[in-house]
Amino acid sequence: MVRGSQKSTTFALMTTISKEELRRLLMPDVQEAIRSAIDRDPVAVALDSRIPEPRLVATQVKYLRRAQSKLPSYAAAWCIIPSLAFEQSSSEQCAVHKPLEGDRVLDLTCGLGVDAWYLSRHFREIVTLERNPLLAEIARENFRRLGAKNIGVVNCSAEEYVASCKEQFDWIYADPDRRSERGEKLVRLEDCSPDMIALMPRLKTLAPKICIKNSPLFDIDEPRRLFGACRVEVVSLNDECKEVMILLDGAKHSEITATAIGIGRFSAPADHLPPARPPKFSAEAYHWLTIPDVALQKARLARLHLEGWADIWSENGFGFSAERPTEVMGRVFEIEKIEPYDPKQLKRTLKGRGVEIFKRDFPFRIEEVMRRAGCRAGSEIRLAMTKIEDKHWVIRLK
């Protein structure tokens, strides 16, 4: 019991870092301890009295190891990674995607600096703002370790800097803070910090183009209401929606784009007409099922993207086709059987077995379906469940 309590206390203390702790963290013996302990369990490191500053070393070991997948460049450069900044930062796979380039860019929201680091590859100079003095110092140290010589970090709020700025930029980039003072998630742009709506008149005098990164929950119709004609891009990674970007770059007509990183992208005018709905669903007519990528789903482009490839009854649904579709943004499976949803029949065939279930437009939670069927999560059987024309269907996949 004592040991468990010790673990809990250790990790409670690892969530913040002070200026004095940063000074100690940067000492050569502590940096060497981090390198030596990188393959050890962070809990064991925190409790190891032979290590200088064990709690600080354990924190860095913990987040550097996590960074190996999310921020591999930061991990390779042995950057300083505060826990909260890490959790709120972009992944490098998303940061590298930003479609901005030019001579100078102003980044209003530095944080850990991942977006600034990748933007610096496409601009001669980047000025990035960080209102927290400690995070600003950490960002400068990390950019030095990364070898980024064209990034200037200014310890200042966006509101202060913009009010007095007399410089010109090609782009302004912002990833507003989407947490309230009480830690609640914020979605409306005007509730986030900085308030991009309030700053917009002044920002337009500093740069002709502005990019705003938003929460995956952000409504894709909001940008046109707030700004008029603009481009909106929904970005996903590994079929998980990561961000919704607003690009105010002088476009005369609004456009919506779904981008699945590593898979493809699909664009259409924001006011495009939806395709005609498919004919009556026929279980015998289909041999292939497509699960559209979540970026298409969020951008409400799934039906348009699959037009000519597969029949799909809603933006949240599956695509069905007689022939295997190609060049589609999504996962494609061969169908073994399609039959009406019958809980009793499912229980007879699935009880005790390991099942993977995909669902779209289906009213019951996967956990509830498994409970009723007496099955468990696994890979023996793969099913898709959906609702089409007021009927519930189960699709067994090969």
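Tutor: Two strands pair if DSSP finds at least two bridges between them. Keep in mind that this is a predicted model.

Student: What makes S6 and S8 a pair?

Tutor: Strand S6, residues 231-237, and S8 share 6 bridges. The cut-off is at least two, so they pair. Their sense is parallel. One of the bridges joins valine 234 to alanine 258 in S8.

Student: How do S8 and strand S9 run, parallel or antiparallel?

Tutor: Antiparallel, with 6 bridges between S8 and S9, residues 264-269. Isoleucine 256 has alanine 268 in S9 as its bridge partner. The two strands form a hairpin with 3 residues between them. Glycine 262 in that turn has a positive phi of about 85°.

Student: Why is the pair of tryptophan 117 and tyrosine 118 called edge-to-face?

Tutor: The planes are 65° apart, and edge-to-face needs over 60 degrees, so the name fits. The centres lie 6.0 Å apart, within the 6.5 Å limit, so the rings count as a pair. Both residues are buried.

Student: How do you know that lysine 70 lies over the face of phenylalanine 86?

Tutor: Lysine 70 is 4.7 Å from the ring centre. The distance limit is 6 Å, and NZ must also be within 35 degrees of the ring normal. Lysine 70 is listed as lying over the face. Arginine 372 places its charged end over the ring of phenylalanine 364, 4.7 Å from the centre.

Student: What does phenylalanine 143 touch, beyond its neighbours within four places in sequence?

Tutor: Its contacts include Tyr74, Trp117 and Ile151. Phe143 is among the residues with the most contacts inside the largest nonpolar core, which has 54 residues.

Key. Residues are numbered from 1 along each chain as its sequence is written. This is a predicted model: local features need pLDDT of at least 70, side-chain atom pairs count only at pLDDT 80 or more; totals for chains, interfaces and linings use all residues. Side-chain values use heavy atoms; hydrogens and water are left out. A nonpolar core is a set of buried Ala, Val, Leu, Ile, Met, Phe, Trp, Tyr and Cys residues joined through side-chain atoms within 4.5 Å. Buried means under 20% relative accessible area, exposed over 50%, partly exposed in between (1.4 Å probe, protein chains only). Contact means heavy atoms within 4.5 Å. Rings of Phe, Tyr and Trp (its six-membered ring) pair if their centres lie within 6.5 Å; planes under 30 degrees apart count as stacked, over 60 as edge-to-face and the rest as tilted. Helices (H or I, at least four residues) and strands (E, at least two) are DSSP runs, numbered from the N terminus.
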